[in-house]
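Visitor: Could you take me on a close look at one part of this structure, the largest pocket, and the helices around there? I'm new to this, so please go step by step.

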Amino acid sequence: IRWHFVAWNNPLRLSLMIRIIFLLCISLWAGNYGKLEQRAQKYYQNNSFKKAILLYQKTEKLGAPAHLVAFNIGNCYYRSNEWALAAAAYKKSIRVEPFAFEAAHFNLAAVLYRLQEYGQSIAAYHRALSLDPKNLAGWLFLGEVYTRSGDFVGAQRALEKAQDLAPDDVSISYQLAEILINQKNIIKHTW
């Protein structure tokens with residue numbers, strides 16, 4: 001008992017005790033959101049997206065990284081086919097961590113494609129690919145968005161980048177051939 005009294009009167013010991021208490025509180029606090037996050041992931045895996053969203057929102061209040069929470073919520077909305085809400089969540093994730101989380105950029109681009117916002121989707125794919133230029137699927141999807149928007153030159157460039165990454169992939173050569181045929185047909189009909 002005498003030691004406790006001395007600890008409170010000694011500034012060094014008091015500082016050490018405050019640090020220990022602070023670290024204990026942080027570890028308990030982080031443990032709380034970790035358990036909630038695990039429960040949210042189980043709900044997500046069981047397609048209980050509304051319940052998962054509620055738990056993910058609680059994890060943010062307990063200190064979970066905001067960009068990851070927004071990303072996970074965006075994935076829930078995506079799987080629920082709620083494209084506009086998914087886009088808003090992915091945009092929040094990107095706003096919080098614009099250069100550290102390319103998955104949010106790719107998912108935002110995919111949602112914008114589903115919303116038929118092709119120009120915005122193209123821009124989002126370009127941002128994502130600037131962060132991860134060796135993402136083969138990203139280049140292929142970018143080619144698809146360009147094709148849907150009617151920009152066959154952009155589609156050709158994206159598919160050529162994909163072909164550089166996977167030169168033995170015959171399906172990319174086939175897609176490029178289709179793009180070239182479409183370009184020739186457009187030129188033929190404009191004359």
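Guide: Let's start with the lining of the largest pocket, which counts 13 residues. Nearest the centre of this pocket you'll find Tyr-78, Phe-106, Ala-110, Tyr-125 and Phe-141. Keep in mind that you're looking at a predicted model. The volume of the pocket comes out at about 190 Å³. Sort the lining by class and you get 8 nonpolar, 3 polar and 2 charged residues. Two helices, α6 and α8, each give at least two residues to that lining.

Now follow those five central residues out into the helix pairs. Phe-106 belongs to α6 and Tyr-125 to α7, and both take part in the contact of these two helices. Helix α6 covers residues 102-114, while α7 covers residues 118-131. Their axes lie 8 Å apart, at an angle of about 160 degrees. Anything over 145 degrees counts as roughly antiparallel, so that label fits α6 and α7. The crossing of α6 with α7 is left-handed. On the α6 side, the contact includes Glu-102, His-105, Leu-108 and Ala-110 as well. Facing them from α7 are residues including Gln-120, Ala-124, Arg-127 and Leu-131. This contact splits into 12 nonpolar, 3 polar and 2 charged residues.

Tyr-125 shows up again when you move on to α7 and α8, where Phe-141 joins in from the α8 side. These two helices also pack at about 160 degrees, but here the axes are 10 Å apart. That angle is why α7 and α8 are called roughly antiparallel to each other. Once more, the crossing is left-handed, with α7 passing α8. Among the other α7 residues in the contact are Ile-122, His-126 and Leu-129, and α8 brings in residues such as Trp-139, Leu-142, Val-145 and Arg-148. By class, the contact of α7 with α8 holds 9 nonpolar, 4 polar and 1 charged residues.

That leaves Tyr-78, so let's hop over to its helix. α4 runs over residues 66-79 and packs against α5, residues 83-96, at about 165 degrees with 8 Å between the axes. So α4 is roughly antiparallel to α5. Their crossing is left-handed too. Tyr-78 is one of the α4 residues making this contact, along with Ala-66, Phe-71, Ile-73 and Tyr-77, among others. From α5 come residues including Trp-83, Leu-85, Tyr-90, Lys-92 and Val-96. Here the class count is 12 nonpolar, 4 polar and 1 charged.

So, back at the pocket: Tyr-78, Phe-106, Tyr-125 and Phe-141 are among the residues nearest its centre. Tyr-78 is also part of the α4 and α5 contact, Phe-106 helps join α6 to α7, and Tyr-125 and Phe-141 sit in the contact of α7 with α8.

Methods: Residues numbered from 1 in each chain as written. Predicted model: local features only at pLDDT ≥ 70, side-chain atom pairs only at ≥ 80, totals over all residues. Heavy atoms only, no water. Axes fitted to C-alpha atoms, helices over the stretch in contact; angles between N-to-C directions. Helix = DSSP H or I, 4+ residues; strand = E, 2+ residues; numbered from the N terminus. Parallel < 35°, antiparallel > 145°, perpendicular 65-115°, else oblique. Left-handed = near helix turned anticlockwise from the far one by under 90°. Contact = heavy atoms within 4.5 Å. Nonpolar A, V, L, I, M, F, W, Y, C, P; charged D, E, K, R; others polar. 1 Å grid on protein atoms, 1.4 Å probe; cavity = no way out; pocket = protein on both sides within 12 Å on 5 of 7 lines; lining within 4 Å. Points joined across faces, edges and corners; volume = space filled by probe spheres on them.
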